[in-house]
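Good morning, everyone. Please take a moment to look at the sequence and the structure as I put them up, and then we will go through a few parts together.

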Amino acid sequence: MTHETDRLRDLVATELGRARDRTTRLTEAVDDGDLVRQHSPLMSPLVWDLAHVGNQEELWLVRDVGGREPVRRDIDELYDAFKHSRRDRTQLPLLDPREARKYTATVRDKVLDVLDRAPLEGTPLVERAFAFGMIVQHEQQHDETMLATHQLRVGAPVLSAPPPPVSAGKITGEVLVPAGEFTMGTSTEAWALDNERPAHRVVLPAFHIDRAPVTNGEYAAFIDAGGYDDPRWWTSAGWDHRQAASLVAPMHWTSDPSGWLYTRFGRTSPINPDEPVVHVCWYEAAAYAAWAGKRLPTEAEWEKAARWDPATGRSLRYPWGDDTPTAAHANLGQSHLGPAEVGAYPAGVSPLGVHQLIGDAWEWTSSDFHGYPGFAPFPYREYSEVFFGPDYKVLRGGSFGTDRSAVRGTFRNWDYPIRRQIFSGFRCARDA
Ligand SMILES: [Fe+2]
């Protein structure tokens, strides 16, 4: 056994443990009644997420990688996300909170044993511990989903965290990204998912992109200017949705005589004008951009602004370089319960001078979700391929609720253009 393999096993164990600690915090913050309740038809009850995390871990690591006997084959169907919509999951004979905790703990014990013995090379599934990395990211992604469920929950606040850092200086304006080639996607990142692969050359014309995400203050100016009442700024589908859903402001915003208020995890306070806006859908983002005389960046433009280093022509893993994110680089991992003010992460800036691409708020792009040239589904079609097409828009960069293991310069998220219960914001771009 090589030193490198030992190091990888230690890393996997640490990452599995970090994910489980977060899952535990999110599910122990509320009582059993809250765990089984549906806080929104958009979301599963928290107890479903909990056992689903364990079930995916069992399927991939206990049964597939480990070749072990099933722990609970009888519950596979209940926790298959493709079999039951979120809306219907409370009607299922789910494991109760005590059973769900016991099940996930039993699975984890077996997985740590598999981790000690499994080869971490030889097949694509285990190469550089890919399957373990996929499961770490899966649990962290559900933790972000559970955090979004907490945001929809009604009741006294149960989560707490220190406030994010404040701005180190105002960041305004845009940068010019020169025309030319860059490398998009990755063929080398060990835990990159199928939709991030392979690395490929993309040629873009010159464009401008905002140095910072759109803030609450900027977004409020769009509202005050009548942006929600003027169909000129909206796509036709967007205007239909704005009418049908009676959109007037980001989700969780209310107004009183003093101005806009934002209710975050059970606490209501005036909006901070310097924070990136969150809880806007793609249609709202696109309408703001049109009102501002701009547009949303394409996914390729976002990635070039985030990764391309003009000094070397190389694409970096993250805007600041190849180092794993730290608290100085980006607002990630639920360390804080909201985005940080624009300018709060000078150490996270990209070579072109673009701020806060990673963390704070997911950023809507104008792009539909598709496979890159040479895409191959792995380890199963349902990971990404079944979602390809015009129904989903790509989001980039992660939010304050995204763990560092589940985001990088190449990471792609996707959702319906009407969705805004996620921690979604945006920045603008325009043709040069
Ligand atoms: Fe899942």
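Let me begin with a pair of strands: strand 6, which covers residues 259-264, runs antiparallel to strand 7, and four bridges join the two. If you would like one of these pairings to find on the screen, take Y262, whose bridge partner in strand 7 is S269. Please keep in mind throughout that what we are looking at is a predicted model.

What lies between strand 6 and strand 7? The two strands form a hairpin with two residues between them, and in the turn F265 has a positive phi of about 50°.

Now let us widen the view, since this hairpin belongs to an open sheet of three strands, which are arranged in the order 5-6-7 with antiparallel pairing. Strand 5 (253-256) and strand 7 (267-270) are the edge strands, and because each of them has a single partner strand, one side of each is left without a neighbour in the sheet. If we ignore direction, neighbouring strands in this sheet are turned against each other by 30° on average.

From the sheet I would like to move to helix 6, residues 216-224, where the buried residues are N216, E218, Y219 and F222. Why do these residues sit on the same side of helix 6? They do so because the arc they cover around the axis is only 165°. It may help to recall that an α-helix has 3.6 residues a turn, so residues three or four places apart point the same way. As for what covers the buried residues of helix 6, helix 8 (282-291) is included. Just after helix 6 you will also find G226, which takes a positive phi of about 80°.

Finally, let us step back to the whole protein, which is divided into domain 1, residues 2-152, and domain 2, residues 161-432. The C-alpha centres of these two domains are 27 Å apart, and the contact between them takes 22 residues from domain 1 and 15 residues from domain 2. On the side of domain 1 that touches domain 2, the elements that give two or more residues are helix 1 (3-28) and helix 5 (130-152). Helix 5 provides the largest share of that side, with 14 residues. Sorted by class, the side of domain 1 that touches domain 2 has ten nonpolar, seven polar and five charged residues.

Thank you for listening, and I am happy to go back to any of these parts.

Definitions and conventions
Residues numbered from 1 in each chain as written. Predicted model: local features only at pLDDT ≥ 70, side-chain atom pairs only at ≥ 80, totals over all residues. Buried ≥ 20, exposed ≤ 12 C-beta atoms within 10 Å, placed from the backbone. Arc of directions from axis to C-beta. Contact = placed C-beta atoms within 7 Å. Pairing = 2+ DSSP bridges. Axes fitted to C-alpha atoms, helices over the stretch in contact; angles between N-to-C directions. Domains from an automatic or database assignment. Nonpolar A, V, L, I, M, F, W, Y, C, P; charged D, E, K, R; others polar.
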